[in-house]
Amino acid sequence: MEQQDDDAQTELSPRTKVVALGRPARTPGAALNPPVTFTSTYIADGPANYARVSNPTWTPLEEAVGELEGGEALVFSSGMAAVSAVLALVPAGGVVVAPASAYNGVVVTLAEAVEEGRLTVRWVDVTDDEAVTAALPGADLLWLESPTNPLLDIADIRALTAAAHAAGALVAVDNTFATPLLQRPLEDDVDVVVHSATKYLAGHSDVLLGITVTPVRGRAIHDRLARRRLLGGAIAGPMEAWLALRGLRTLSLRLERACDNAAELSRRLTDHPRIARVRYPGWGAIVSVEVDGEGDGATAAEAFAAGTRIWSNSTSLGGVESQLERRRRQPGEPEAVPVNLVRMSVGVEDVDDLWADLVQALDAL
Ligand SMILES: *Cc1c(COP(=O)(O)O)cnc(C)c1O
């Protein structure tokens with residue numbers, strides 16, 4: 001008990017951790033930042049013999065994100081590489097319970113595995129605890145995303161994880177939208193957290209990278225994921241890993257501004273006559289809107305996204321730059337996503353400039 005109190009007192013704020021973690025040892029003359037190691041191999045008889053096994057440039061990023069999430073991290077070449085490694089934990093012919101609407105790369109991967117007869121997927125609404133629980137008996141994996149991309153549905157991670165564990169299923173949570181600064185699923189007993197570090201963690205729309213994090217009790221899963229990375233070969237380039245760590249240093253600043261902007265813009269958008277619906281869970285920096293227009297509104301939504309000048313009409317999210325996109329223009333986007341829905345990744349620019357740009361694009365419809 002006393003030990004716990006001591007730990008609580010010395011526990012650093014995540015705002016400090018993003019800056020302080022993953023630094024070289026403070027020996028006189030040492031560099032403040034880790035170096036980038038460009039090599040494919042190592043001199044024999046050391047801890048690693050080949051750079052598909054490990055690269056010292058991955059380590060500080062893994063230490064930092066692992067500590068922020070409260071577990072052990074592995075960096076992958078992209079978010080989808082991390083997703084694929086986790087899905088490979090499911091045995092052939094296994095059962096996955098997954099959101100009917102989530103990141104389309106995950107939904108399409110699962111749907112194709114079903115078509116090819118490799119997996120069974122039970123599609124659920126993650127906001128419906130009863131429906132998710134009813135789908136769990138016999139499942140190998142519960143896949144959650146919260147908030148979901150792009151509907152911003154919120155799952156009760158703690159309750160659903162307990163239900164999944166009672167049914168003998170593992171639980172994976174895609175924490176890309178929340179980041180460990182806003183949500184730490186391992187504290188809810190989840191078995192593996194997945195990130196597209198391409199988004200908020202790296203934060204500058206200049207790298208693709210993925211990360212898995214497993215709790216310390218989940219060493220066996222960590223080892224299986226590391227083996228998938230080694231043999232599947234979806235390893236991070238050293239420059240990308242370095243850039244992501246560099247981006248992580250400002251995560252708390254970027255996220256604070258982006259979240260403030262998103263909260264303010266979601267309020268203002270609610271009152272705009274061309275906006276039929278605003279989806280915003282009350283936190284985070286993504287806002288999805290449904291645009292009012294002729295017919296199903298798809299044409300108006302497309303024109304809105306194309307008509308902005310500061311916001312870029314581009315896919316992806318989580319950078320310092322505000323971006324927006326009509327999601328159904330993407331092949332494979334789940335049909336649960338309305339055709340007039342525009343996902344807005346709110347950046348760190350001045351909120352009044354962002355608002356003025358949205359208003360001129362909406363007024364031009
Ligand atoms: C972008 C994204 C992914 C995929 O990540 P990549 O880095 O593009 O491979 C996975 N999940 C969510 C929620 C995402 O937004």
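A charge sits over a ring, in these legends, if NZ of Lys or CZ of Arg is within 6 Å of the ring centre and within 35 degrees of the ring normal. The model shown is predicted, so local features need pLDDT of at least 70 and side-chain atom pairs pLDDT 80 or more, while totals for chains, interfaces and linings use all residues. Residues are numbered from 1 along each chain as its sequence is written, and side-chain values use heavy atoms, leaving out hydrogens and water.

**View 1. Lys 199 meets the ring of Tyr 103.** Here the charged end of Lys 199 sits over the ring of Tyr 103, 5.3 Å from the ring's centre. Looking for rings paired with rings instead? A search of the whole structure finds zero aromatic pairs; rings of Phe, Tyr and Trp (its six-membered ring) would pair with centres within 6.5 Å, and planes under 30 degrees apart would count as stacked, over 60 as edge-to-face and the rest as tilted.

**View 2. Arg 229 and its neighbours in helix H9 and beyond.** Arg 229 belongs to helix H9, residues 219–232. Helices (H or I, at least four residues) and strands (E, at least two) are DSSP runs, numbered from the N terminus. The charged end of Arg 229 sits over the ring of Phe 76, 5.9 Å from its centre. With 6% relative accessibility, Arg 229 counts as buried; buried means under 20% relative accessible area, exposed over 50%, and partly exposed in between (1.4 Å probe, protein chains only). Leaving aside residues up to four places away in sequence, Arg 229 touches Val 53, Trp 58, Glu 62, Leu 74, Val 75, Phe 76, Ala 234 and Ile 235. Contact here means heavy atoms within 4.5 Å.

**View 3. Strand S5 with S4 and S6 as partners.** Strand S5 takes in residues 170–174, and four of its five residues are buried. S5 pairs with strand S4 (residues 141–145) in the parallel sense, over five bridges. Two strands pair if DSSP finds at least two bridges between them. Pick out Leu 142 and you'll find Val 171 as its bridge partner in S5. To get from S4 to S5, the chain goes through helix H7 (residues 157–166), and this β-α-β crossover is right-handed: with the strands pointing away from the viewer, the path from the first strand over the helix to the second runs clockwise. S5 also pairs with strand S6 (residues 192–196), again in the parallel sense, over three bridges. There, Ala 172 has Val 192 in S6 as its bridge partner.

**View 4. Two cis peptide bonds in the loop between S4 and H7.** The bond from Ser 146 to Pro 147 is cis, with omega near -5 degrees. Pro 147 is placed in the loop between S4 and H7. A cis peptide bond also joins Asn 149 and Pro 150, with omega about 0 degrees, and Pro 150 has its place in the loop between S4 and H7 too.

**View 5. Helix H5 and what it packs against.** H5 runs over residues 104–115; its 12 residues reach 16 Å from first C-alpha to last, close to the 16 Å expected at 1.5 Å a residue. That expected span is 1.5 Å times one less than the number of residues. The buried residues of H5 are Asn 104, Gly 105, Val 106, Val 107, Leu 110 and Ala 113. They pack against helix H4 (79–87), strand S2 (95–99), strand S3 (120–124) and S4. After H5 comes Gly 117, with a positive phi near 75 degrees.

**View 6. An open sheet of five strands.** The strand order is S8-S9-S12-S11-S10, and the pairing is mixed. At the edges are strand S8 (275–279) and strand S10 (312–313), each pairing on one side only. Strand S9 (residues 286–291) and strand S12 (residues 341–345) pair in the antiparallel sense over five bridges. Within that pair, Val 289 stands opposite Val 342 in S12.

**View 7. Positive phi at Asp 189 and Ser 316.** Asp 189 isn't a glycine, yet its phi is positive, about 80 degrees. You'll find Asp 189 in the loop between helix H8 (179–182) and S6, partly exposed at a relative accessible area of 38%. Ser 316 isn't a glycine either, and its phi is positive at about 85 degrees. The loop between S10 and strand S11 (323–326) holds Ser 316, which is partly exposed at 26% relative accessibility.
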